[in-house]
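Reader: Hi! I have a chain open on my screen and would love a quick walk through it. Could you help me get my bearings?

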Amino acid sequence: MTDPTVTCPSCSTEIKLTESLAAPLIRATRDEYETKLARERAQLSEREAGLAQQVAALEEKKKSIDEEVRERLNHGRAAIAAEEAKKAKAASLLT
């Protein structure tokens, strides 16, 4: 099997990449990609945290709206019950 080669940009000489020559290049490339991956993971974590906060805010807003609707329904029911009681009392006075 032939070793991979790299061409020198200055003199155009082909240099065989033996394990000892390739190791620093591989390490540097690996370090670069690991740094990039860590940065992307951090950004993703920040976005996830932001989305989690938005979801929590929406859930809180939904609870608030549900409570307001429940209060209005109870108030409306009480008003209807009072009105019906008034009508029933008026009807019983007429008979």
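**Salt bridges and the rest of the chain**

Author: Happy to! By the distance rule, the count of salt bridges comes to four. Keep in mind that this is a predicted model.

Reader: Nice, let's start there. Which side chain does E67 meet in a salt bridge?

Author: E67 meets R70, with N to O at 3.3 Å. E67 and R70 are three residues apart in helix α1, which spans residues 19-94, so about one helical turn separates them.

Reader: And are those two buried or exposed, or something in between?

Author: Both count as partly exposed: E67 has 35% relative accessibility, and R70 has 45%.

Reader: What about E68, which residue does that one pair with?

Author: E68 forms a salt bridge with R72, and their closest N and O atoms are 2.8 Å apart. Both residues lie in helix α1, four residues apart, about one turn of the helix. E68 is partly exposed at 38% relative accessible area, while R72 is exposed at 60%.

Reader: Where does E84 come in, and what is its partner?

Author: E84 forms a salt bridge with K87, the closest N and O atoms being 3.8 Å apart. Here too the pair sits in helix α1, three residues apart, about one turn of the helix. E84 is partly exposed at 44% relative accessibility, and K87 is partly exposed at 47%.

Reader: Remind me, why do such pairs form at all?

Author: Side chains of opposite charge can pair when their charged atoms come close.

Reader: How many charged side chains does the chain have?

Author: There are 16 positive and 17 negative side chains, and the centres of the two sets lie 9 Å apart.

Reader: Switching topic: how many helices and strands am I looking at, and in what order?

Author: You have one helix and two strands. Along the sequence, the pattern runs β-β-α. The radius of gyration is 37 Å, well over the 12 Å that the globule rule gives for 95 residues, so the chain is more spread out than a compact globule.

Reader: What box do the C-alpha atoms fill?

Author: Roughly 115 × 25 × 20 Å, taken along the principal axes.

Reader: And how much of the chain is buried?

Author: Buried residues make up 3% of the 95 residues. The accessible surface of the chain is about 8800 Å², and 58% of that belongs to carbon and sulfur atoms.

Reader: I spotted C8 and C11. Why is there no bond between their sulfurs?

Author: The sulfur of C8 is 3.6 Å from the closest cysteine sulfur, in C11, which is too far for a bond. The rule asks for a pair of cysteine sulfur atoms within 2.5 Å. By that rule, the disulfide count for the chain comes to zero.

Reader: Good to know before I think about reducing agents! Last one: what is phi doing at S12?

Author: Phi of S12 is near 60°, a positive value in a residue other than glycine. For background, most residues other than glycine have a negative phi.

Reader: So where does S12 lie, and is it buried or exposed?

Author: S12 lies in the loop between β1 (5-7) and β2 (14-16). At 53% relative accessibility, S12 counts as exposed.

Reader: Great, thanks for the tour!

Methods:
Residues numbered from 1 in each chain as written. Predicted model: local features only at pLDDT ≥ 70, side-chain atom pairs only at ≥ 80, totals over all residues. Heavy atoms only, no water. Rg over C-alpha atoms; globule rule 2.2 N^0.38 Å. Buried < 20%, exposed > 50% of the residue type's maximum accessible area, 1.4 Å probe, protein only. Areas by Shrake-Rupley, 256 points an atom, 1.4 Å probe, with all protein chains shown as cover. Lys, Arg positive; Asp, Glu negative; His and termini not counted. Charge placed at Lys NZ, Arg CZ, Asp CG, Glu CD.
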